[in-house]
Amino acid sequence: GDQVQFVGMPGGAEVQDHERFIADFGLEGIPHVADPDGSLWRRFGISSQPAWVLIDDDGTTEVIPTGLGQEQIESAIADLIAT
């Protein structure tokens, strides 16, 4: 079936700060990628958080430089699955 994978990408902080953030917000069920030098953020043109990067199966990316609410997230997931 269709699947969507979420990956957290905290940037510009120490790993222990990331771990504290993950624990504080109950995000242990989502894999996270450390980006201490911000190189992944720069690759996607992200300068601050919250931000979202949607990557389709074919590698097409859409960067949303703001937070999303539940309805917006559900809509984005539906769009990813439909393409």
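In this predicted model, the largest pocket is lined by 35 residues, and those that lie nearest its centre are Phe-6, Val-7, Gly-8, Trp-52 and Val-53. Three elements give two or more residues to this lining, namely helix H2, which spans residues 39-44, strand S1, which spans 52-55, and helix H3, which spans 70-82. Of the elements, H3 gives the most to the lining, with five residues. The space within the largest pocket amounts to about 1200 Å³. When the lining residues are divided by character, 24 of them are nonpolar, eight are polar and three are charged.

A nonpolar patch is found on the surface, where Val-4, Phe-6, Ile-30 and Ile-81 together have about 260 Å² of accessible area. Phe-6 thus appears in two settings, since this residue is a member of the surface patch and is also among the residues nearest the centre of the largest pocket. Another member of the patch, Ile-30, is located in the loop between helix H1 (15-24) and H2. Ile-30 has a relative accessible area of 31% and is therefore classed as partly exposed, a value that satisfies the requirement of over 30% for a residue to belong to a patch.

With regard to charged side chains, a search of the whole structure finds one salt bridge, which is formed between the side chains of Arg-20 and Asp-17 with a distance of 2.5 Å from N to O. This distance falls within the 4 Å cut-off that is applied to such pairs. The two residues, Arg-20 and Asp-17, are three residues apart in helix H1, and so they are separated by about one helical turn. Both partners are partly exposed, for Arg-20 has a relative accessible area of 47%, while the corresponding value for Asp-17 is 32%.

The backbone also contains a cis peptide bond, which runs from Gln-49 to Pro-50 and has an omega near 5 degrees. Pro-50 itself is placed in the loop between H2 and S1.

As for the overall arrangement, the chain has three helices and two strands, and these elements follow one another from the N terminus in the order α-α-β-β-α. Taken along the principal axes, the C-alpha atoms fill a box of roughly 35 × 25 × 20 Å. The chain consists of 83 residues, of which 19% count as buried, a class that is reserved for residues with under 20% relative accessible area.

Definitions and conventions: Residues are numbered from 1 along each chain as its sequence is written. This is a predicted model: local features need pLDDT of at least 70, side-chain atom pairs count only at pLDDT 80 or more; totals for chains, interfaces and linings use all residues. Side-chain values use heavy atoms; hydrogens and water are left out. On a 1 Å grid over the protein atoms alone, a cavity is a set of points where a 1.4 Å probe fits but cannot get out, and a pocket is an open set with protein on both sides within 12 Å along at least five of seven lines; lining residues have an atom within 4 Å of a point. Grid points are joined across faces, edges and corners, and a volume is the space filled by probe spheres set on the points. Helices (H or I, at least four residues) and strands (E, at least two) are DSSP runs, numbered from the N terminus. Ala, Val, Leu, Ile, Met, Phe, Trp, Tyr, Cys and Pro count as nonpolar, Asp, Glu, Lys and Arg as charged, and the others, Gly among them, as polar. Patches are made of residues with over 30% relative accessible area and no salt bridge: like charges are joined within 9 Å, nonpolar side chains (Val, Leu, Ile, Met, Phe, Trp, Tyr) within 5 Å. Accessible areas come from the Shrake-Rupley method with a 1.4 Å probe; for residues, only the protein chains shown count as cover. Buried means under 20% relative accessible area, exposed over 50%, partly exposed in between (1.4 Å probe, protein chains only).
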